[in-house]
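Q: I have a model with a ligand in it. How do I read the contacts and the burial?

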Amino acid sequence: MEKTKYYGIYTKQNKKIKYYTENLTPGISFFGEKLIKENDKEYRETNIRRSKLFAAVSKHISNLFLKKNNIVLYLGASHGYTPSFISDIVSEGYVFCLDFAPRVVRDLVAVCEKRENMIPILADAKKIDEYKDRIDEVDIIYQDIAQKNQVEILFKNLEFLKDKGYVLFTVKARSIDVTKHPKQIFIEVEKKLCKNLKIIDYKILDPYEKDHCFFVCQKIN
Ligand SMILES: C[S@@+](CC[C@H](N)C(=O)[O-])C[C@H]1O[C@@H](n2cnc3c(N)ncnc32)[C@H](O)[C@@H]1O
């Protein structure tokens, strides 16, 4: 297993490059992911077609800024697939995992019961008053929400992000406007993001996630 330039993310190259995180809950695979033991450590294999975070890694995004003791607010946590890998990376920090769909939050809760650093929250990311008393100031906001007003939802949640904190933001062009070319939407999103954030890098995630773009930004006051 080799380290990558991203903290807590490892790689192994056979026929294809694969990415791994060190398993915080050895012996437990939550989503059928392969577990690999090497030198007294256990690693979980990620799938770049299932996680936009690792699709961005395979596209060589410049930095993710995730560190071992980070506090992360994850908006659109769904069943917890990508959040569980972030929880491996921030092994001494924790992840607030928010989603508004009760059906997926049921599965998410089952994952969080086994992972002490994942905290499930059933709430709508547009209604920050409903959960602001349940979360702390965070180092990172990760957002993966397929809604028309994705940027506005992110902006509302920026009040939880510490100054100079980072945003990892997935944009699904088709949810914003199906009639426009995705690249046009990404340009418009970039312009909007610039109003409140410094854009550090972005990668279009095709062919792993069609019509998606992954932005890395920083909050600068
Ligand atoms: C594409 S899935 C996220 C997948 C997840 N990020 C992963 O990689 O494992 C998008 C999720 O956003 C949630 N979502 C959409 N709008 C939301 C909102 N306003 N508030 C909270 N969650 C929302 C959906 O319920 C869905 O589970």
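The dialogue below goes from the ligand to its shell, then to single residues.

A: First, the ground rules. This is a predicted model: local features need pLDDT of at least 70, side-chain atom pairs count only at pLDDT 80 or more, and totals for chains, interfaces and linings use all residues. Residues are numbered from 1 along each chain as its sequence is written, and side-chain values use heavy atoms, with hydrogens and water left out.

Q: Which residues come nearest to the ligand?
A: A residue is near a molecule if one of its heavy atoms lies within 4 Å of it. Here 18 residues surround the ligand, and Tyr74, Thr82, Asp99, Asp144 and Gln147 come nearest.

Q: What polar partners lie 2.9 Å or 3.3 Å from a nitrogen atom of the ligand?
A: A polar contact is a pair of N or O atoms within 3.5 Å; within protein, one must be able to donate a hydrogen and the other to accept it, and residues adjacent in sequence count only if both atoms are side-chain atoms. A backbone N or O atom of Ala125 is 2.9 Å from a ligand nitrogen. For Phe100, a backbone N or O atom is 3.3 Å from a ligand nitrogen. Ser78 uses its side chain: an N or O atom there is 3.5 Å from a ligand oxygen.

Q: How much of the ligand does the protein bury?
A: Accessible areas come from the Shrake-Rupley method with a 1.4 Å probe; for residues, only the protein chains shown count as cover. Alone, the ligand exposes 610 Å², and the protein buries 84% of that.

Q: Which elements give two or more residues to the shell?
A: Helices (H or I, at least four residues) and strands (E, at least two) are DSSP runs, numbered from the N terminus. Helix H2 (81-89) and strand S7 (94-99) do so. H2 gives the largest share, 3 residues.

Q: Is H2 mostly covered or mostly open?
A: Buried means under 20% relative accessible area, exposed over 50%, partly exposed in between (1.4 Å probe, protein chains only). H2 is mostly covered, with 9 of its 9 residues buried. Among them are Tyr81, Phe85 and Ile89.

Q: Where is Arg115 found, and why does it count as buried?
A: Arg115 is in the loop between helix H3 (102-114) and strand S8 (118-122). Arg115 is buried because its relative accessible area is 1%. Its side chain makes a polar contact with the side chain of Thr25 (3.3 Å).

Q: What about Asn157?
A: Asn157 lies in helix H4 (residues 150-157). Its relative accessibility is 0%, so Asn157 counts as buried. Asn157 and Ile141 are 16 residues apart in sequence and 8.2 Å apart in space, C-alpha to C-alpha.
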